[in-house]
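Trainee: Could you take a close look at the aromatic rings with me? Please begin with how far the model can be trusted, and give me your cut-offs as you go.

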Amino acid sequence: LKDPKIWEPNQCETEENAAMHMAHQKAMVVPLDSTAPARPPPQALLNQRWQWMALQCTMVACTILELVVADVSDSILFFILFAFGCEMIRDGFSEMNKYCLMYGLLQALACTSYLLRFLTEIGGRTEYSFHKSNGHLTVNTSTSNFFDLSKGWKYNLESVAEGVTTLSTAYGAYLSLSAHKLLTEDEATQEAQLGIAREERRRDLGRLSQDMRRALENPDQASVGDTQTSLTVQRQDRFTGKAYKLSDDD
C-alpha cells in the first residue's frame, strides 16, 4: 500500500487559508442568481424583516400616489416591485438569495431616474402649454415653485409623489444590496468552513490508514491512537482445551 499523505500543521493552515480566500473570491465575483437553490438566510438578514415590511408599505403608498396623479406607468412599476418584494420575503426569506441582486439593481435604476427628475425640478417645475392659431403652434412655458398651493391639490401631490418615490427606491436599493452582501459573506463563510472540514477529514483518514497499516504489521502492539476512534487488532489463538458435547443429539 502506498503511504497516505499526512498533512503537516503548517501545510494545513496554508490549505485552510487558501480555501477561505478562494471562497471569498468566488462569492465576490460570482453573483447570486435565480438558479441558486433556496437556503436559510443568516440571522442578520432575519433581523431586518421589519425594514422589509416598511419597504413594502412604501411600495404600496407609491403605487397609490401614482394612480391618484394619473401616472399609470409608474404605478405599474411600483406594483411590480411590490410583487417582487413579496416573493423575496415569503417563507422567512427563503427566496432572498435568488432575487436580491436583481431587485437591488431595479431599485437602483429607478432611484437614478427619479433622483434626476427630482433634482431638476426642486428649484422650480416647468410646465408647457400649446396653442394653435392661424396655422401656427405656440408653446408657452411657465415655471412654478416645487410646492404651490395656488396650483391645486394635484400639482402639489405630484411634487409629494416625486419626493416619496425617490426616497422609497433609494431605500429599496440599500436594503436589497445590503442583503446581497450579507448572503455572499454567509456563503463564503460556509464554503470556507466546508473546505476546512474536508481537509481535517482527509488528514484524519490518512492518519487512520497509516495506523491501521502499522497495526497489521505489529499485531501484538496494535493500538490506533491520535484519532477519536481507536482500533485494536488482536491475534486469535487456537483453542487447546478439552471439548464437551452440548447435547445428546448426533
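Mentor: Start with residues 22–34, where pLDDT, the predictor's confidence in each residue from 0 to 100, stays under 50. For that stretch the model has 21 contacts beyond four places in sequence, a contact being heavy atoms within 4.5 Å. Residues 1–16 also stay under 50, with 18 contacts beyond four places in sequence. This is a predicted model, so local features need pLDDT of at least 70 and side-chain atom pairs count only at 80 or more, while totals for chains, interfaces and linings use all residues. Numbering runs from 1 along each chain as its sequence is written, and side-chain values use heavy atoms, with hydrogens and water left out.

Overall, the protein averages a pLDDT of 75, and 72% of its residues score at least 70. Among the elements, helix α1 (residues 9–29) has the lowest mean, 47, and helix α3 (residues 49–68) the highest, 93. The secondary structure comes to six helices and two strands, in the order α-α-α-α-α-β-β-α. Those are DSSP runs numbered from the N terminus: H or I over at least four residues for a helix, E over at least two for a strand.

Now to your rings. The structure holds six aromatic pairs. In one of them, the rings of Trp-52 and Tyr-103 have centres 6.1 Å apart and planes at 45°, so the pair is tilted. Distant parts of the chain are joined here: Trp-52 is in helix α3 and Tyr-103 in helix α5 (residues 96–121), 51 residues apart. Trp-52 is buried at 0% relative accessible area, and Tyr-103 is buried at 0% too. A second pair, Phe-146 and Phe-147, is edge-to-face, with 5.0 Å centre to centre and 90° between the planes. Here Phe-146 counts as buried at 7%, whereas Phe-147 is partly exposed at 49%.

As for the cut-offs, rings of Phe, Tyr and Trp (its six-membered ring) pair if their centres lie within 6.5 Å; planes under 30 degrees apart are stacked, over 60 edge-to-face, and the rest tilted. Buried means under 20% relative accessible area, exposed over 50%, and partly exposed in between, using a 1.4 Å probe and protein chains only.

Back to Trp-52 and Tyr-103: ring pairs link them with Phe-84 and Tyr-99 into a cluster. There's a charge to look at as well, with the charged end of Arg-125 sitting over the ring of Tyr-155, 4.1 Å from its centre. That label needs NZ of Lys or CZ of Arg within 6 Å of the ring centre and within 35 degrees of the ring normal.

One more aromatic residue deserves a look for its backbone. Phe-93 has a phi near 65°, a positive value in a residue other than glycine. Most residues other than glycine have a negative phi. Phe-93 is found in helix α4 and is buried, at 1% relative accessible area. Asp-91 is found in helix α4 (residues 72–93) as well, and has a positive phi near 55°. Unlike Phe-93, which is buried, Asp-91 is exposed at 58%.

To put that burial in context, buried residues make up 32% of the 250 in the protein. Of the contacts with a separation of 6 or more, 64% come from residues 24 or more positions apart.
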